[in-house]
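Visitor: I would like a close look at the sheet in this structure. Please take me through its strands and what lies against them.

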Amino acid sequence: MSAIAGKVVAITGASSGIGEASARVLAAAGARVVIGARRTDRLESLAAAITAAGGEVRVRPLDVTSQAEVVAFAGFARQAFGRLDVMVNNAGVMPLSPLAALRVAEWDRMIDVNIKGVLYGIAAALPIMEEQGNGQIVNVSSIGGHHVSPTAAVYCATKFAVRAISDGLRQETDRIRVTVISPGTTTSELADSIGDPTAREAMEAFRAVTISPEAVAAALAYAIGQPDDVDVSEIVVRPTASPH
Ligand code: NDP
């Protein structure tokens, strides 16, 4: 049995891409997964597939911009399985644009989902894990959390913030493991929400080479599977053939 088997893992943004792949990979390794997102039809199909493959899964509708919903999500995981071992703050959005386009509502959305959503995830999981005496918080940042790319100033700012928050959290606790996963370009629906034509064009070139979401899920599984006294602080996983 791997160190993943039996762990209770709650994943935000599990209705597509990296979150969905992570739920499948972790459930196949024996984790008991709790999946949340807004598109519940997607979550239900994913849950049916995981169950059919012999995995254990629970579904909970979730909008990470509501602190109350994130608290309820973590509480639901504990109620369903008796504990919460890992909280994966994965939900994210990327409606890119040049700053001069002043798409302020999209800046707000990125800040609300990518930063405040992660903070709400920490706020929801921390009291449960403190009470248990252990746990792991996995926050999904990006290579965009390491350097800024064209039209991505606000998105990258949110991903820099995720790394800063994670590092601060890691320094403040010696019982809870804190992991950042920073993917490079990965096949998913993330770029579909880019409405600005300049950013859309820039991203087509930037995202020409991608890795599979399962490759990112494997990195996540590695970090979760380590012994309790080993904190995998960050994994950067990117396409071999991409300069970014
Ligand atoms: P997808 O667009 O495929 O998945 C994003 C997920 O986030 C969906 O499940 C979506 O579910 C969920 N989500 C968005 N808004 C909310 C919300 N308000 N409440 C709850 N869930 C929400 O993209 P990825 O799988 O690529 O993205 C996952 C993470 O990986 C993000 O944090 C992204 O920034 C990061 N990342 C991705 C990279 C890539 O190239 N793909 C590279 C680096 C980092 P729903 O709409 O159903 O709510």
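Guide: What follows is a walk across the sheet, strand by strand, and then to the parts around it. Keep in mind that the model is predicted.

Start with the overall layout. The sheet is open and has 7 strands. Read across, their order is β3-β2-β1-β4-β5-β6-β7. The pairing is parallel. Two strands form the edges: β3, residues 56–61, and β7, residues 234–237. Each of these pairs on one side only. From one strand to the next, the twist averages 15°.

Now go to strand β1, residues 8–12. On one side, 5 bridges join β1 to β2, and the two run parallel. Find Thr12 and look across to β2: Gly36 stands opposite. On the other side, 3 bridges join β1 to β4, residues 86–89. This pair runs parallel too. Here Ala10 has Met87 of β4 as its bridge partner.

Stay with β2 for a moment. The strand covers residues 32–37, and 6 of its 6 residues are buried. Which residues point which way? Arg32, Val34 and Gly36 point one way from β2, while Val33, Ile35 and Ala37 point the other way. Both groups are buried.

Take Ala37 as an example from β2. Why does Ala37 count as buried? It has 24 C-beta neighbours inside 10 Å, and the cut-off for a buried residue is 20 or more. Its contacts reach to other parts of the chain. Leaving out residues up to four places away in sequence, Ala37 touches Gly13, Ala14, Ser15, Arg42, Leu43, Leu62 and Ala91. Look also at Asp63. It is 26 residues from Ala37 along the chain, yet the two C-alpha atoms are separated by 6.2 Å.

Move across to β5 and β6. The first of these spans residues 135–140, and the second spans 176–183. They run parallel, joined by 6 bridges. One pair to find is Ile137 with its bridge partner in β6, Val178.

Is β6 enclosed or open? It is largely enclosed by the rest of the structure, because 8 of its 8 residues are buried. Check both faces. Ile176, Val178, Val180 and Ser182 lie on one side. Arg177, Thr179, Ile181 and Pro183 lie on the other. Every one of them is buried.

Next, see what packs on the sheet. Helix α4 does, and it touches β1, β4, β5 and β6. Its direction makes about 170° with that of β5.

Helix α4, residues 104–132, also meets helix α3, residues 67–81. Their axes come within 8 Å and cross at roughly 35°. The crossing is right-handed. From α3, the contact uses Gln67, Val70, Val71, Phe73, Ala74 and Arg78. From α4, it uses Tyr120, Gly121, Ala123, Ala124, Ala125 and Ile128. By class, these contact residues are 9 nonpolar, 2 polar and 1 charged.

Another helix brings a residue to the strands. Leu220 sits in helix α7, residues 213–225. Leu220 is buried, with 29 other C-beta atoms within 10 Å. Beyond residues up to four places away in sequence, it touches Ser22, Val88, Val138 and Ile181. Ser22 is 198 residues from Leu220 along the chain, but their C-alpha atoms are separated by 7.4 Å.

Now turn to two loops. Leu102 lies in the loop between β4 and α4. Thr151 lies in the loop between β5 and α5, residues 153–172. Leu102 is not a glycine, yet it has a positive phi of about 50°. Thr151 is not a glycine either, and its positive phi is about 70°. Are these two buried or exposed? Leu102 is exposed, with 10 other C-beta atoms within 10 Å. Thr151 counts as buried, with 22 C-beta neighbours inside 10 Å.

End with the ligand. It is surrounded by 30 residues. The closest are Gly13, Gly17, Arg38, Gly92 and Ser188. Helix α1, residues 17–28, gives the largest share of this shell, 3 residues. By class, the shell has 13 nonpolar, 13 polar and 4 charged residues. One name links back to the sheet: Gly13, which is also touched by Ala37.

Methods:
Residues numbered from 1 in each chain as written. Predicted model: local features only at pLDDT ≥ 70, side-chain atom pairs only at ≥ 80, totals over all residues. Near = placed C-beta within 6 Å. Helix = DSSP H or I, 4+ residues; strand = E, 2+ residues; numbered from the N terminus. Nonpolar A, V, L, I, M, F, W, Y, C, P; charged D, E, K, R; others polar. Axes fitted to C-alpha atoms, helices over the stretch in contact; angles between N-to-C directions. Left-handed = near helix turned anticlockwise from the far one by under 90°. Contact = placed C-beta atoms within 7 Å. Buried ≥ 20, exposed ≤ 12 C-beta atoms within 10 Å, placed from the backbone. Pairing = 2+ DSSP bridges.
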